[in-house]
Amino acid sequence: QVQLVESGGGLVQAGDSLRLSCAASGRTLNMYHMGWFRQAPGKERDFVATIHRNGGSATHADSVKGRFTISRDSAKNMVYLQMNNLKPEDTAVYYCAAALYYPGTSDNYDYWGQGTQVTVST
């Protein structure tokens with residue numbers, strides 16, 4: 001069992017940057033593939049980014065490619081999502097997730113955090 005807690009969300013203006021953090025407890029994150037998803041009001045949950053448990057391979061959604069970067073720090077048991085040049089359409093609740101088996105861009109993750117709100121104003 002692993003518990004995930006996201007932080008770092010907030011209200012920013014278009015063009016600003018934020019870094020989301022995902023802290024894990026219960027187990028080391030080294031054994032998990034990690035992902036970030038987001039859900040805007042009235043919409044389905046969407047894939048944002050995923051990173052292999054070895055940290056060597058990452059995939060980002062086309063909508064965030066070149067602006068967002070997923071990373072992990074195994075020593076700190078943390079996963080991050082650096083978000084640059086934010087746009088109003090990035091407004092959503094962002095969720096961190098962990099998977100034992102690599103899920104690719106699907107939402108087939110074993111554990112989920114409670115989410116952190118990101119709001120981008122014009």
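## Close-up views of a predicted model

**View 1. A hairpin with a glycine in its turn.** In the hairpin that β4 and β5 make, five residues sit between the strands, and one residue to look for is Gly42, with a positive phi near 75 degrees. Keep in mind as you look around that this is a predicted model. The two strands of this hairpin, β4 and β5, run antiparallel and are joined by six bridges. To find a facing pair, look for Gln39, which stands opposite Arg45 in β5. In general, strands of a sheet pair through backbone hydrogen bonds, and they can do that either parallel or antiparallel.

**View 2. From β5 on to β6.** Follow the chain along and you meet another hairpin, this one made of β5 and β6, with six residues between the strands. Here Gly55 takes a positive phi near 75 degrees. How many bridges join β5 to β6? There are three, and the strands run antiparallel. Across this pairing, Ala49 stands opposite His60 in β6. What about the surroundings of β5 itself? Five of its seven residues are buried, so β5 is largely enclosed by the rest of the structure.

**View 3. His60 and the residues around it.** His60 belongs to strand β6, which covers residues 58–60. Is His60 buried or exposed? With a relative accessible area of 17%, His60 counts as buried, because the cut-off for buried is under 20%. Setting aside neighbours within four places in sequence, His60 is in contact with Phe47, Val48, Ala49, Lys65, Phe68, Thr69 and Ile70. Zoom in on Ile70 in particular: its backbone nitrogen lies 3.0 Å from a polar atom of the His60 side chain.

**View 4. Two rings, edge to face.** A pair of aromatic rings is described by the distance of the centres and the angle of the planes. The structure holds five aromatic pairs. One of them is Phe37 with Phe47: the ring centres are 5.8 Å apart and the planes meet at 75 degrees, so this pair is edge-to-face. Phe37 lies in strand β4 and Phe47 in strand β5, so the pair ties together parts that are 10 residues apart in sequence. Both rings belong to buried residues: Phe37 has a relative accessible area of 2%, and Phe47 has one of 14%. Now widen the view a little, and you'll find Phe37, Phe47, Tyr109 and Trp112 forming one aromatic cluster.

**View 5. Tyr109, a loop residue tucked inside.** Where does Tyr109 sit? Its place is in the loop between β9 and β10. Even so, Tyr109 is buried, with a relative accessible area of 7%. Its contacts, leaving aside neighbours within four places in sequence, include His33, Met34, Gly35, Phe37 and Thr50. Others among them are Ala97, Ala98, Ala99, Pro103 and Gly104. With Thr50, the side chain of Tyr109 makes a polar contact to the side chain, at 3.0 Å. For a sense of scale, try finding Gln82 as well: Tyr109 and Gln82 are 27 residues apart in sequence and 21 Å apart in space, C-alpha to C-alpha.

**View 6. An open sheet of four strands.** Which order do the strands take here? The sheet reads β1-β3-β8-β7, with antiparallel pairing. β1 and β7 stand at the edges with a single partner strand each, so one side of each has no neighbour in the sheet. From one strand to the next, the twist averages 15 degrees. Five bridges join the antiparallel strands β1 and β3, and Ser7 stands opposite Ser21 in β3. Between β3 and β8, which also run antiparallel, there are six bridges, and Ala23 stands opposite Met78 in β8. In a regular strand, the side chains alternate between the two faces of the sheet.

**View 7. The largest nonpolar core.** Nonpolar side chains tend to be buried together in soluble globular proteins. The largest nonpolar core in this model has 35 residues, and those touching the most other members are Leu4, Met34, Trp36, Leu81, Met83 and Tyr94. Strands that each supply at least two residues of this core are β3, β4, β5, β7, β8, β9 and β11. Which strand gives the largest share? That's β9, with six residues.

Terms used: Residues are numbered from 1 along each chain as its sequence is written. This is a predicted model: local features need pLDDT of at least 70, side-chain atom pairs count only at pLDDT 80 or more; totals for chains, interfaces and linings use all residues. Side-chain values use heavy atoms; hydrogens and water are left out. A nonpolar core is a set of buried Ala, Val, Leu, Ile, Met, Phe, Trp, Tyr and Cys residues joined through side-chain atoms within 4.5 Å. Buried means under 20% relative accessible area, exposed over 50%, partly exposed in between (1.4 Å probe, protein chains only). A polar contact is a pair of N or O atoms within 3.5 Å; within protein, one must be able to donate a hydrogen and the other to accept it, and residues adjacent in sequence count only if both atoms are side-chain atoms. Contact means heavy atoms within 4.5 Å. Two strands pair if DSSP finds at least two bridges between them. Axes are lines fitted to C-alpha atoms, for helices over the stretch in contact, and angles run from 0 to 180 degrees between N-to-C directions. Rings of Phe, Tyr and Trp (its six-membered ring) pair if their centres lie within 6.5 Å; planes under 30 degrees apart count as stacked, over 60 as edge-to-face and the rest as tilted.
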